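Colleague: Could you walk me through the pockets in this model before I go back to the bench?

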Amino acid sequence: MSDQRVVKADRSGRVSYGSHTWKKVWQMKAFYLMLLPCVIWYFIFKYLPMYGVIISFKEYNFSDGIFFSRWADPWYKYFKMFFESPYFTQLLGNTLLISLYKLVFGMLPSIILAILLHECRATWMKRWVQTLSYMPHFLSWIIIYGISVAFLSETTGLFNRWLTEAGMEAIPFMNSQEWFRSLLVGSEMWKDLGWGAIIYLAAISGIDPTLFEAARVDGASRMRMIWHITLPGIRNVIILLLILKIGAIMDAGFEQVFVFYHPRVYPVGDIIDTWVYRTGLQQMNFSLATAVGLFKSLIGFVLVVGANKLAKRWDGGIW
C-alpha cells in the first residue's frame with residue numbers, strides 16, 4: 001500500500017483515521033504526560049474562571065455571590081459607564097500609544113542584537129554580552145524603578161548631577177509629562193532586550209548552515225547574507241511574536257506603569273488597567289472592572305484574528 005496509515009472502515013464503507021490517531025497518541029504518550037500538568041494548570045486557572053465574566057452584566061456583591069446577584073439594568077450599564085467616562089478617550093489613547101511605542105521600539109533592537117550575536121566570532125564576547133543583556137529580565141519592576149531613580153532623579157540622579165555640574169539644567173525625567181512615555185519605553189527596552197534576542201537567536205541557529213556556506217562561496221558579504229538568508233529565515237518567528245504582541249496591545253504593562261506613575265503624569269501615563277485598579281478594585285466596583293476586562297479581551301481577540309489573516313499574505317500566521 002502506498003498509504004501506510006492505519007485506517008478503519010465503518011459500516012457505511014467510509015474510511016476513519018481514528019485508530020491511526022490513537023495509535024500515534026499512544027506512541028507519544030510520554031510527551032503527552034509531560035504536557036498534561038500544563039494543560040491542567042491552564043484549564044483550572046485560565047478557562048474555569050472565565051465564567052466570572054457574567055459579573056460585568058450584574059450588580060455584583062459579596063453577600064449574594066456571582067450567580068445570585070441581580071442583573072444590571074440595562075445589561076450594558078457598566079460598559080456604558082466606562083465608555084461615557086470623561087477619561088475614556090485619554091485612557092484609550094494612552095494605552096494604545098504606550099503599547100505601540102513598546103511594540104515598534106521593542107522588537108527591532110532584539111532582532112538587531114540577535115543578528116550581532118550570531119555574527120560575532122569571539123565566543124567569549126558573545127557569551128558575556130548575551131548574559132549581561134538578558135539578566136535585567138529577571139529583575140522586578142520595583143528594582144528597575146529604584147535603578148531609574150538612582151540615575152534619572154531630578155535632584156539626586158547621577159545623570160542629572162552630571163548635567164548640573166556641567167552648568168546645564170536638570171531634566172525631570174521621572175516627573176515630566178514630556179519624558180514619562182520615553183521613560184516607560186526605554187526601561188522596558190533595557191529590561192527585555194536580551195530576553196527577546198534569545199528567541200531570535202534560536203531561530204537563526206535553526207537556519208540551514210549550508211545556505212551561508214553557499215553564499216560565502218559565491219562571494220556574498222555579511223550584509224548580503226543577513227538580508228537574503230538570516231532575515232527571511234526568521235521571518236515566521238518575527239510574525240508570530242508580532243501577532244502575540246498585537247493581541248496584548250490593550251495591556252500596555254500594568255505592573256510597570258503602576259510602579260512608575262503618579263498624579264502629575266496621569267494625562268500621559270494613566271492607562272486602562274491603572275484606572276480600573278483605582279476605580280474598579282479600590283472602590284470595590286467589581287462589575288465595572290470585569291466589564292472593562294471583557295472589553296479589552298474582545299479587542300485583543302479581534303486584533304489577533306485580524307493580524308493572523310494579514311500575516312498569511314506573507315506565508316506567516318499562527319493558524
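Modeller: What follows covers two pockets and then one helix residue. This is a predicted model, in which local features need pLDDT of at least 70 and side-chain atom pairs count only at pLDDT 80 or more, while totals for chains, interfaces and linings use all residues. Residues are numbered from 1 along each chain as its sequence is written, and side-chain values use heavy atoms, with hydrogens and water left out.

Colleague: What volume does the largest pocket have?

Modeller: About 740 Å³, where a pocket is an open set of points on a 1 Å grid over the protein atoms alone that a 1.4 Å probe fits, with protein on both sides within 12 Å along at least five of seven lines, and the volume is the space filled by probe spheres set on those points.

Colleague: Which residues lie nearest its centre?

Modeller: Of the 28 lining residues, Lys-102, Glu-188, Asp-192, Lys-245 and Ala-248 do, lining meaning an atom within 4 Å of a point.

Colleague: And which helix supplies the largest share?

Modeller: H9 does, with 9 residues, helices being DSSP runs (H or I, at least four residues) numbered from the N terminus.

Colleague: What about the second largest pocket, how big is its volume?

Modeller: That one comes to about 470 Å³, and its lining includes Tyr-42, Phe-45 and Thr-290, with helix H2 (residues 29-47) giving the most, 4 residues.

Colleague: Changing topic, is Val-104 buried or exposed?

Modeller: Val-104, which is found in helix H5, is exposed, because its relative accessible area is 53% and exposed means over 50% (1.4 Å probe, protein chains only).

Terms used
Helix = DSSP H or I, 4+ residues; strand = E, 2+ residues; numbered from the N terminus. Buried < 20%, exposed > 50% of the residue type's maximum accessible area, 1.4 Å probe, protein only.
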